[in-house]
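I opened my notebook beside this one and kept a running list of what I looked up. Here are the entries, in the order that made sense to me.

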Amino acid sequence: MGIIKAAGGAVGGVFADQWLEMYVCESMPEDVLAQRGVKRVNENSSNTKGEENVITDGSLIIVNDGQCAIVIEQGKCIGIYDNPGENVFRSKRTGSIFSGGGLKSIGKQTVERIGFGGDVAIHQFVMYIDTKEKVNNPFALSVPLSIVNKATGLDYYSTVNISGVFSYRITNPEIFYKRICGNSTGTVTRAKIQPQLNAELRSAAVTALDKLCGGGVEPTALAQNVENLCAELKAALDEKWESLRGFSVVSIAIDGIALAQDDKRVIQEAERAKMLTQPDMAAATLVAAQADAMNAAAHNHNGGSMVGAFAVMNAMNTGTQQSEKPNIFLQNDSSKPSLWRCTCGNMNTGNFCENCGKKRV
């Protein structure tokens, strides 16, 4: 009974798989790299009982611009279709009377299926790969770098923050399928591989910066190395990604490269300290600081009293300086009038007391 059931299932399955199919893939979303092709079947189709994972010889595989289709049989890539338009699938294992297979082919397939209990011993499917350029992949990196500041003589191990975007495209669909997709039953998105790509991008940036600025670089020269850095990154990643994953870098753009804020502050303080060792610059800095203080005091709500305080302090300083000079009225100089004290206690310089009018004795 088992053999009869297997024979019946085998015959029915073989005849159900004689119909030719057409495989298509609708426009893939921007974040999708690969997805399974679907067998086109509508309400008028009689091909509703064929095996899902059998592609009949002579079937059509439709490929759109920017796509590539690969046929997987028994887990192995047996065909790559990258020409836009209709592509005819050929396989000796799935012959059809509609593609010239004849009764001999049907008999061979039936015997094979009986040996497997009436089930098909073939597993085939179509995988569509998006070969368009995948743009706008952002990255943000923090890379260690030796900073040399000639103005201060500072040699400082700093952190450089780099941000930008890169784009890539799949150039070897077979390698991409083997290394990234595998036996995927759904879709493969950019999000699946983005963390890995960013990590490798950082490693490449460390190597590239060391090659460009291995002996240290001036902070102001970082921006001048952007184009060279992009070229070095592209060359390094192309070589690695194409052989490992089947895609290559199209473009890398850096929109920001700068020292970390803490490191920038250290260098600025060192430059300021160096500047103050020069007398002219130190004096100018002191005058500017005093002017800033006066301006801040004038805008303070107690500005009037503070300005007055500054004036008093200035007068006191002036008075102190004057007190250090000899008093000309107390010297024994016959050319200058001398002081005398009247009996009323008033100090005078003339011949008559300025307080009571008494004549000098």
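Which residues does Ile162 touch, not counting residues up to four places away in sequence? I keep in mind that this is a predicted model. I found Ile162 touching Phe139, Ala140, Leu141 and Val143. The list goes on with Leu209, Leu229, Ile254, Gly256 and Ile257.

**Entry: the cores.** I then looked at the nonpolar core around that residue. The largest one has 45 residues, and Ile162 and Phe176 are those with the most contacts inside it. I asked where the largest share of this core comes from, and found helix 4, residues 190-213, with 8 residues. I also noted a second, separate core of 13 residues, with Tyr23, Val32, Ile61 and Tyr81 among them.

**Entry: helix 4.** I checked the span of this helix next. Helix 4 has 24 residues and reaches 32 Å from its first C-alpha to its last, close to the 34 Å expected at 1.5 Å a residue. Which residues in helix 4 are buried? My list starts with Arg190, Ile193, Gln194, Leu197, Glu200 and Leu201. Ala204, Ala205, Ala208, Leu209 and Cys213 are buried as well. Leu209 from this list is also one of the residues touched by Ile162.

**Entry: helix 5.** I moved on to Ala236, which lies in helix 5. Ala236 counts as partly exposed because its relative accessibility is 39%, and the class in between runs from 20% to 50%. I noted that the C-alpha atoms of Ala236 and Thr207 are separated by 9.2 Å, with their positions 29 residues apart along the chain.

In helix 5 I also found a salt bridge between the side chains of Lys234 and Asp238, at 2.9 Å from N to O. Both lie in this helix, residues 226-245, and they are 4 residues apart, about one turn of the helix. A helix has 3.6 residues a turn, so residues three or four places apart point the same way. I checked both ends for cover: Lys234 counts as partly exposed at 29% relative accessibility, while Asp238 counts as buried at 16%.

**Entry: other salt bridges.** How many salt bridges are there by this rule? The count comes to 10. Side chains of opposite charge can pair when their charged atoms come close. I picked out a few more to follow.

Lys39 forms one with Glu21, and the closest N and O atoms are 3.8 Å apart. This pair links distant parts of the chain, 18 residues apart: Lys39 is in strand 3 (residues 38-39), and Glu21 is in the loop between helix 1 (2-16) and strand 1 (22-24). Are these two residues buried or exposed? Both Lys39 and Glu21 are buried.

Asp57 pairs with Arg90, the closest N and O atoms being 3.5 Å apart. This pair also links distant parts of the chain, 33 residues apart, and I placed Asp57 in the loop between strand 3 and strand 4 (60-63) and Arg90 in the loop between strand 7 and helix 2. Asp57 is buried, with a relative accessible area of 10%, whereas Arg90 is exposed, at 53%. I closed the entry with a network of salt bridges that links Asp130, Lys132 and Lys134.

**Entry: Gln35.** I placed Gln35 in strand 2, residues 32-36. Gln35 is buried because its relative accessible area is 16%, under the 20% cut-off. Leaving aside neighbours within four places in sequence, I found Gln35 in contact with Cys25, Glu26, Met28 and Pro29. Met127, Tyr128, Gly186 and Thr187 complete the list.

**Entry: positive phi.** Gln74 has a positive phi of about 55° although it is not a glycine. I found Gln74 in the loop between strand 5 (67-73) and strand 6 (76-81), and it is partly exposed at 42% relative accessible area. Asn136 is not a glycine either, and has a positive phi of about 60°. Its place is in strand 9, residues 134-149. Asn136 counts as exposed at 58% relative accessibility.

**Entry: a surface patch.** Which residues make the nonpolar surface patch of about 380 Å²? I wrote down Trp19, Leu20, Ile97 and Phe98. Phe98 is found in the loop between strand 7 (85-88) and helix 2 (102-115), and is partly exposed, with a relative accessible area of 47%.

Conventions. Residues numbered from 1 in each chain as written. Predicted model: local features only at pLDDT ≥ 70, side-chain atom pairs only at ≥ 80, totals over all residues. Heavy atoms only, no water. Patch = residues over 30% accessible without salt bridge, like charges linked within 9 Å, V, L, I, M, F, W, Y side chains within 5 Å. Areas by Shrake-Rupley, 256 points an atom, 1.4 Å probe, with all protein chains shown as cover. Salt bridge = Lys/Arg side-chain N within 4 Å of Asp/Glu carboxyl O. Helix = DSSP H or I, 4+ residues; strand = E, 2+ residues; numbered from the N terminus. Buried < 20%, exposed > 50% of the residue type's maximum accessible area, 1.4 Å probe, protein only. Core = buried A, V, L, I, M, F, W, Y, C linked by side-chain atoms within 4.5 Å. Contact = heavy atoms within 4.5 Å. Expected span 1.5 Å × (residues − 1).
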